[in-house]
Amino acid sequence: MVVSKANKLSSVFISRIKNPSQSSIPSATVKNRDIPGTSQAVKDLIRSKISSSGTDHDQTPLSDQISNLLHVSASETTPNILNIPSFNAKVPIDISLRSKELSRERKERRVYKKNGFSRRFAKIFRDSAHKLGTDATFGAFYRVAKEMSVTEYNAMIGVYFELAEKSHDLEYALDHIEKAFEVLKTMRDRGFWVEESVYGPVLEYLIDMDMVDEFYGFKDVISETRDGLVERLGYYEMLLWIQLGDGEKVEELCDAIDGNGDSLTLLQENYLLALCKKEQRDHLKRLFVIINITKVRSSDLLEDIFGYLGKFSLDSVARKFLWELRESDEGVKNVSDLISIYSTCTSNLTVEDTVLKFNKMHEELDVMPSSTSYEKLVKYSCDSNEVVTALDVVEKMGEAGVTITADILHSLLHAIDEVLEFTLVRRIHSIMCTKSVKPSSENFRSMIRLCTRIRDFEGAYNMLGNLKNFNLEPNSSMFNCILAGYFREKNVCSALMVVKQMKEAGVKPDSITYGYLINNCNREDTITKYYNEMKQAGVQATKRIYMSLIDAYAASGQFEKAKQVLLDPDVPARYRNELKSELITALASHGKRADALSIYEGMKETKCQVDPKSIISLIEYSDSHGDLNTLVQLADDLQDDNSWIDGFFRMILFAVRNRKTSNILDLLKGNKVRLSKKDIHVEYHFDEVFWAIAETEPTEVKLGMALLRYMKEELGFVPSRKCLDFLLHACVNAKDMENGLLVWKEYQFAALPCNVLSFLRMYQVLLAAGDLEGAKTLVTKIPKDDKDVQHVIEESQIVYSETPEKKKSNKKRIVFPTK
């Protein structure tokens, strides 16, 4: 039984679904007629959305319409050949549509599937809607609707649902869902196929919002676009009833799954797939008894079944299914891969235990591990950051005569990069020299780059020499990695030698090569030399080249030259905003912040998009006499949460270090809602603030204690050990025993056991404050096995026990390591 909320949301679609050949937008004849079951808000919505349609449209080619789209006047009215009403001009916010949060996983599958449709068109729709308002933007595309391809239609549906999802306004969301439905019907009428990358996110949105009638309206139209979709749509139908918690309806669909027949039908398999995705344990327990696993044809379903069995440690069922597949002619081909999936999905196993389980199950079933099952195991180990274990598996692969593919090497190299264990690249190179391996050029590029990270340039050159053993040729990206490594080490002579070696090897320097060369110049004539050489070589200047020119000129003090790069007629117009952003960063970081701020204000006035990193640079490179209010405004200009957090806390650090702290708490309290968001991690930034308080003289312990209270009482955070360590160190510098004792208690409240460093800092607080008896008692609790600890205690007694007269001497004060 469907919940009442779903029926209320869905009633606006009832009349449309009854007659899918007509538009869902009410005509003038029904202007004053009520639709049974429709809420007052929806009635008002319907009455307010009546609009007329025309038959004329602009005959300009679609490509010209696209290129001129951003210049369409917001006041321009156009005929609407799709018979879709006009939009609200702005996306409303801050009104609660529903308390439910859409899952991160589904959001990631939203409009921008790589193979679904062109991101370019989706970006045009989205950016133009925000800049011009949706009336002008979508009106421009309606004019050329008859020329639009499936790509543009897909983009329109995607953006409709993106806007509906982001809005917290009920009427706005329903309005855009209606419009998407009309576009979908137009696609059906024109004979276009609707791919799952498009309709999947649409149906998932409707499912998450419990919009049952809308779901079936969309489902019916989608099924009419081409044959063979009914079975796949069964997957989403099962998801819908699971979402609604309607056990009777789920059971009704499950009854369609039985063990009869030569194989499961596609519809039955899709029902099962949905049950596994949503982990419906009771229903699956019954179905696993009656189905014949050898009759499952879908490899995706088999993988989901064994992933589910592993997650819930259903070992007996998994072994039963594996033996049945082992005994069948077709099923035996999948056994090794399914063992890998089951092993890596089993809960509460370490990576080493997972590898043992993988090996044991292969032995019990008497099957050889396949290359794909090994690949899954290696990827699982790498994703778990157990790179050494992954390398052990790869070596075993080689010993078993299984070819190690480029994908396996890619997983290993990526994991090494992630865990920063760069020396392990040598072990990979050793495996490549002794085992059957099919590396790619990209694998070699990654290995060469990792060698340069550990300054093993000899090893990098050895890998270049080994390319011929695998019938591969060196390319510019490989040499560029060595070039970048030498420049990172400030070894200009060796870097220039790399360029010479490139040319001798018959590899032409590319734009990245010249970008490195230009970026590391410190003289105007050298910059000009490499730029001219690049043009003579026929290498086209890229955005990165222009950015390198700006950075190089700024670094060499040629600030006017840096500004003139933007005036070069060869610079494409589409690069100008990004190049201006780069110029802002370059000027700010080289002492020309006033010029940088002027350029930023100009961009802001003309509503040009500015790179968040450039705005942050204006905050970071502000001098000590800078106006805090200006920095506050700069931080507020940052739109996305991650950039705002970065800029906001850099502004807080500026205030602390330059003793402009009177408004810090007010700023934090004013941004409490944003700081409290679950997907924003601000604890690290607070650690930085406490570190700044500890290192600033004179130390503002009172500010630190106020921040600590704010974190606990306003944000509900538990202070980290670093935070308390820095604050305790500030108490040492300020000789503040009272607050030092309060911080000492905070370790207990935060369930953080005091370690040796904590004891040493508290000991220093007592000494500095003159409580020698307390210090004497505390020092007895500090383990003194470590000679360094003994040395710190002795030095602390000398430094913090000195009389004022003695402190006038030149003896340096101990600064206990804090970061």
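Helices here are DSSP runs of H or I with at least four residues, numbered from the N terminus. The model you are looking at is predicted.

**Exercise 1. Find helix 26 and work out how its span compares with the expected one.**

Step 1. Go to residues 476–488, the 13 residues that make up helix 26.

Step 2. From the first C-alpha to the last, helix 26 reaches 18 Å, close to the 18 Å expected at 1.5 Å a residue.

Step 3. Now look just past the end: helix 26 is followed by Lys490, which has a positive phi, near 60°.

**Exercise 2. Decide how many residues of helix 26 are buried, and name elements that cover them.**

Step 1. A residue counts as buried when its relative accessible area is under 20%.

Step 2. With that cut-off, 11 of the 13 residues in helix 26 are buried, and the helix is mostly covered. Among them are Met478, Phe479, Ile482, Leu483, Tyr486 and Phe487.

Step 3. Turn to the surroundings: the cover over these buried residues includes helix 24 (441–453), helix 25 (457–466), helix 27 (492–504) and helix 28 (511–519).

**Exercise 3. Test whether Glu489 and Arg455 make a salt bridge, and place both residues in the chain.**

Step 1. The nitrogen of Lys or Arg must lie within 4 Å of a carboxyl oxygen of Asp or Glu. In this pair the closest N and O atoms are 3.2 Å apart, and Glu489 and Arg455 form a salt bridge.

Step 2. The pair links distant parts of the chain, 34 residues apart: Glu489 sits in the loop between helix 26 and helix 27, Arg455 in the loop between helix 24 and helix 25.

Step 3. Check accessibility: Glu489 is partly exposed at 32%, while Arg455 counts as exposed at 59%.

**Exercise 4. Explain the spacing of the salt bridge between Glu442 and Arg445.**

Step 1. The closest N and O atoms of Glu442 and Arg445 are 2.8 Å apart.

Step 2. Both residues belong to helix 24, and because they are three residues apart, about one helical turn separates them.

Step 3. Here is the general rule: an α-helix has 3.6 residues a turn, so residues three or four places apart point the same way.

**Exercise 5. Judge where the model calls for caution.**

Step 1. Start with the whole chain: its mean pLDDT is 80, and 79% of its residues reach 70 or more.

Step 2. Next, pick out residues 1–117, where the pLDDT is below 50. Residues 803–819 also stay under 50.

Step 3. Where pLDDT is low, the predicted coordinates should not be read in detail.

Terms used. Residues are numbered from 1 along each chain as its sequence is written. This is a predicted model: local features need pLDDT of at least 70, side-chain atom pairs count only at pLDDT 80 or more; totals for chains, interfaces and linings use all residues. Side-chain values use heavy atoms; hydrogens and water are left out. Helices (H or I, at least four residues) and strands (E, at least two) are DSSP runs, numbered from the N terminus. The expected span of a helix is 1.5 Å times one less than its number of residues. Buried means under 20% relative accessible area, exposed over 50%, partly exposed in between (1.4 Å probe, protein chains only). Contact means heavy atoms within 4.5 Å. pLDDT is the predictor's confidence in each residue, from 0 to 100. A salt bridge is a side-chain nitrogen of Lys or Arg within 4 Å of a carboxyl oxygen of Asp or Glu.
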